[in-house]
Amino acid sequence: MKTTGIIAEYNPFHNGHRYQIETLRNTYDPDYVIIAMSGDFLQRGTPALMDKYARAQMALRQGADLVFELPACFATASAELFALGGVLLFQTTGLVTSLCFGTESQDFEGISTLAQLLAQEPDWYRKALTSYLRQGLSFPAARAIALPEYESLLRSPNNILAIEYCKALISLNAGFTPIPVSRTGSGYHDTELISPYASASAIRKVLHSWVSGETSVEFPSVLTSVLPRDSYCIMEKYLQNLPFLWEDDFSLLLHHRLLLENESSLLDCSDMTRSFANRILSKRRDFLSWSSFCAALNSKDMTYARISRILTHLLLHITDQQTAPYLNPSQRPSFLPYLRVLGFKKSSSGLLARLKETAKAPVITSLSNAEELLAPDGLAMLQTDVFAADLYRSVQISHTHKPCPNEYARRLLTV
């Protein structure tokens, strides 16, 4: 049985995502396509536009057979840990035979070679990288200078993730067949809404302008050419009851968290450095909003995305204690402590039954019995996911003043 995994955010699910799944099915013909999807907070260090259930439903309507939630400690991490968490999730299923991912470049040989090099980390590379980091450069900038022959590959976020996926396959000895699909249409950071393959960044930019009243364009005419019809209908229905959310909607929660911190507690936060902790403490009383605080903390040695990720870790109580073992090859577990299923396609119900036979960790389809199934480390990781969802839900409620189902009341999605 051929089962292909895709690691994704779907923020939102657009025509480019549909193209990837269609291309995969047409060229590789897998029996099943399963998704490891970020929950309510994302790798860029921001909340998702829509909650994980709406985004999982989009994926299931557009060709996915099964959607898992990627635990928050991986979903909000650097590209390396994000990719590692997704590959570990698929290893834990005992079902996956291949990994499909998008690339900006068609030079897959170069991507594969670079992944091998980064997985091995030769001394000359480590020394060069350390030297440039000590000069105050950010990690992406230092790495690009340390590897000048690969600079063009390291310029694109999709290429970087592709490299990290291949690196994770190597370091975990996963044995999955890599299936790269060249991205079509707009680039990752393109902000122009170009039909039919606009980037998620462009779609979010237009939606933000529409929500804030900065544009007179009506909602339907904006999106019909860049979203699959099912995605558009799910989004339209979602907006009848729930709002789109942005990082600044979480500003008050973040500010409250910042006011509780000291240097010692900040240093427990995942990816935190002492100098950055002191920068936070020196500027927190001037806090105005999430986005303006990120801008105020900006410096040559940290990208905006990393700053926002660290603030997300702080908000969600994601600590180094949770993530450090996965970054250390000598301590790294071979599997995740659980698999949380968000939804599945009715026609693929046999896959869910098979999963329960092959999975190397408990399969969580309902939170009601999770405490009985999980060891303490797994339960702690799951509780972080639940806390993240509850925090996201609290902001939804503050916008709508209406009840919203909590994580324990949610049923498994079926499409």
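Which residue lies over the face of Tyr28? Lys2 takes that place, at 4.4 Å from the ring centre of Tyr28. The structure discussed here is a predicted model, and the following paragraphs treat its aromatic contacts, its cysteines and one of its pockets.

**Aromatic contacts**

A search of the whole structure returns 10 aromatic pairs. Among them is the pair of Phe74 and Tyr326, which is edge-to-face, with 5.0 Å from centre to centre and 85° between the planes. This pair links distant parts of the chain: Phe74 belongs to helix H3 (residues 72-75) and Tyr326 to helix H17 (residues 320-327), with the two residues 252 apart. Phe74 and Tyr326 are both buried.

Another edge-to-face pair is formed by Trp124 and Tyr125, for which the centres are 6.3 Å apart and the planes meet at 80°. The two partners fall into separate accessibility classes. Trp124 counts as partly exposed because its relative accessibility is 46%, whereas Tyr125 counts as buried because its relative accessibility is 1%.

The geometry of these two pairs is set out below.

| Pair | Centre to centre | Angle between planes | Class |
|---|---|---|---|
| Phe74 and Tyr326 | 5.0 Å | 85° | edge-to-face |
| Trp124 and Tyr125 | 6.3 Å | 80° | edge-to-face |

Aromatic residues also group beyond single pairs: Phe41, Phe250 and Tyr392 form one aromatic cluster.

**Cysteines**

How many disulfides does the structure hold? The number is zero. Among the cysteines, Cys233 has a relative accessible area of 31% and is therefore partly exposed. Cys404, with a relative accessible area of 9%, is therefore buried.

**The second largest pocket**

The volume of the second largest pocket is about 550 Å³. Its lining consists of 20 residues, and those that lie nearest the centre of the pocket are Gln57, Lys237, Tyr238, Leu242 and Arg410. Three elements give two or more residues to this lining, namely helix H2 (52-61), helix H11 (229-238) and strand S8 (413-414). Which element supplies the largest share of the lining? That share, four residues, comes from H11.

By residue class, the lining of the second largest pocket divides into 11 nonpolar, four polar and five charged residues.

Note on methods
Residues numbered from 1 in each chain as written. Predicted model: local features only at pLDDT ≥ 70, side-chain atom pairs only at ≥ 80, totals over all residues. Heavy atoms only, no water. Phe/Tyr/Trp six-rings, centres within 6.5 Å; stacked < 30°, edge-to-face > 60°. Buried < 20%, exposed > 50% of the residue type's maximum accessible area, 1.4 Å probe, protein only. Lys NZ or Arg CZ within 6 Å of the ring centre and 35° of its normal. Disulfide = S-S within 2.5 Å. 1 Å grid on protein atoms, 1.4 Å probe; cavity = no way out; pocket = protein on both sides within 12 Å on 5 of 7 lines; lining within 4 Å. Points joined across faces, edges and corners; volume = space filled by probe spheres on them. Nonpolar A, V, L, I, M, F, W, Y, C, P; charged D, E, K, R; others polar.
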